[in-house]
Amino acid sequence: MALLQTSLIWVVYAIVIAVLIGVASIFIHIYQTPRDRSPSVTLTCIVAITTLLATALLLPVDVALVSSTSSSALGQRKDWATQNEVDRILFSLKVVYYSLYSLDALLCLLVIPFIYFWYEEYDEVASEAGEQTLGQRFWASFKYTVSLIAMVVVLFFVGFLVPVEKDGNGDGLDFFRKLLTENRGERALTFALGLLTTIGICLYVLYTSAGLAFLPMKLMRAGPPVLSPTLKATTAVQLDSNRERQRQLESRCGGNPGLLSSKDRRELDTLVREERTLIRRQRLAEEAHDKGRSPLMRAWLKLKAVFRPFKLLGGIILSLVALIIWISMLLTAIDKAKNSFCKHRCGYILGHINVFNPINWVFVQCAKVFPLDYVIYTMVVLLFFTSSVVGIAVVGIRFLWIRIFRIRKGHTSPQALLMSTAMLMLIILALNYSMSMLVAPQYATYGPQTFCDRKPGFSEKQPDCSDAKHLVKPCSELADNSAAKQVCTPSVASTFLNRVTINFPFFGAIFFWAQFGFLGTYLLLVIAALLRSPKLDEQQLDEDAEEAEEESLLASTGRQFDATWQDIASRPRGQDDAGRAGV
């Protein structure tokens, strides 16, 4: 029975990973630009996104496996759940966790940077001419990646040597003292994970909070479409005004721009560039208007109008879910700040939940019927993941205030795709902390596990609460009953995160206080999104028009070349010989 139950849980996880591969493939296909695709970039991004989501969605499997060892109704361990069997389950989970975290770090710090430089080093002309070999390209990419390899080595070396926090004050850390790492290799991995999570926390506060605020608004309040007659009319007015101003400047100089002052010449150059942009915008609006007259487009617009109420309803539901998650996180954060028994010395670990958390309660109740909790947890994680993508798309990939890359559906370059994938991997590390320590702390630590809060009888190995259900209590780290220590098994994920905050309290303090930054940023952006009406992004529209013009020019040039080549190829050989003889 035990083997069947644990096997079914792992089978569910395998099915989820198969679904995640499809989700990652669809995500990459939607966002990458069609005219500039690279198989190495596509494969790397799919593997990376699948790995990071598999890491985030391992927690319900962890909770289900450790919870399967006990009966939540009686607060007792099951007959088959000997300590050796429990240790075997925990060991298998640790192997999977360490493998996934190591793979995440390897992809984020080594593989993605190498593929980035591998793509940058590609020279189509030199490659076709035979001047650039795969070995040269590999060596050039490896040289740029060496610095990151050195950084990883230094990172693990620092984690190997940095001293850990020691608890000698007897301040309530007895339960957690076993988490103080003496194994230096494990300490190095813990330090590296803490540092990467710290970087991810910064991205999580900026991008995920922005996406969580804007995602429901995008569904409820769509911006004006390109088909809008207002855009066409406004563009025509701006174009007329532009040309009128150009005529005024040209009349001053009699058609000779050299007679204008430097200020007027600069203005005239600006007007000429603006005129080209307005012409492209007008052409795009006219093409969209012409397409709107086609039967297929009219049917599509009618279908969108039919589903518009459902889209609005989806936005409202997402807003309510995001609000409930925000409230749950705020309640737990306040509980930790007020009632943590060790405060900053252990990263504000909360030994016992004192404030009701609605999301945590839902997860604990659903965990009694696996995989119901897995379905809900997956939906919440995908909500945070989608919010992170929306946040990166809205804010952009920036260095300080300078925008480096833009993330857009169908217009994302391979470099931007790799950068955003690396950022999402770091954000997921931060999300693991938030989900486990703030969104659903009781669920992430013990799930639905309970213990019988009475002393066992003389002939009993475990206390029996079958006739006293009120003594069956949820497991917690600070339970002083010896039966709790025998029955309650914390999840591997919570143990690993607690190990980071116990061994390196400065990481725990950063992780905790950054959550208030996330909550505050989300609240401010929700208010801003409610007060600001959606507008058409004219810069994006101009970029689309310019790109469409370039593609049409390339297509027409290609057609002309093909026609010329066909004429040459179809010319009779006798005509060629006669032509050469005449010459």
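**Close-up views of a predicted model**

**View 1. A salt bridge between helix 8 and helix 9.** With a relative accessibility of 24%, R245 counts as partly exposed, because this value falls between the 20% limit for buried residues and the 50% limit for exposed ones. In this predicted model, the side chain of R245 meets that of E267 in a salt bridge, at 2.8 Å from N to O. The pair links distant parts of the chain, since R245 belongs to helix 8 and E267 to helix 9 (residues 262–292), 22 residues apart. E267 is likewise partly exposed, having a relative accessible area of 26%.

**View 2. Salt bridges within helix 8 and within helix 4.** R247 and E244 form a salt bridge with an N to O distance of 2.8 Å, and both lie in helix 8 (residues 229–253), three residues apart, which is about one turn of the helix. R247 is partly exposed at 48% relative accessible area, and E244 is partly exposed at 36% relative accessibility. E85 and R88 also form a salt bridge, in which the closest N and O atoms are 2.6 Å apart; these two residues are three apart in helix 4 and therefore separated by about one helical turn. An α-helix has 3.6 residues a turn, so residues three or four places apart point the same way.

**View 3. Two surface patches, one positive and one nonpolar.** The positive surface patch is formed by K218, K304, R308, K311, K409 and R532, and its largest share, three residues, comes from helix 10 (residues 295–339). R308 lies in helix 10 and counts as partly exposed, with a relative accessibility of 31%. The nonpolar surface patch, of about 540 Å², is made by F138, W139, F142, V146, I149 and V153. Among these residues, F142 has its place in helix 6 (residues 134–161) and is partly exposed, with a relative accessible area of 31%.

**View 4. Helix 3 and helix 16, with their buried residues.** Nine of the nine residues of helix 3 (residues 59–67) are buried, so this helix is largely enclosed by the rest of the structure; the buried residues include P60, D62 and S67. Helix 16 is mostly covered, with eleven of its twelve residues buried, among them F496, R499 and N503. At 1.5 Å a residue, the twelve residues of helix 16 (residues 492–503) should span 16 Å, and the end C-alpha atoms of this helix are indeed 16 Å apart, which agrees.

Note on methods:
Residues are numbered from 1 along each chain as its sequence is written. This is a predicted model: local features need pLDDT of at least 70, side-chain atom pairs count only at pLDDT 80 or more; totals for chains, interfaces and linings use all residues. Side-chain values use heavy atoms; hydrogens and water are left out. Helices (H or I, at least four residues) and strands (E, at least two) are DSSP runs, numbered from the N terminus. The expected span of a helix is 1.5 Å times one less than its number of residues. Buried means under 20% relative accessible area, exposed over 50%, partly exposed in between (1.4 Å probe, protein chains only). Patches are made of residues with over 30% relative accessible area and no salt bridge: like charges are joined within 9 Å, nonpolar side chains (Val, Leu, Ile, Met, Phe, Trp, Tyr) within 5 Å. Accessible areas come from the Shrake-Rupley method with a 1.4 Å probe; for residues, only the protein chains shown count as cover. A salt bridge is a side-chain nitrogen of Lys or Arg within 4 Å of a carboxyl oxygen of Asp or Glu. Lys and Arg count as positive and Asp and Glu as negative; His and the chain ends are not counted. The place of a charge is taken as NZ of Lys, CZ of Arg, CG of Asp or CD of Glu.
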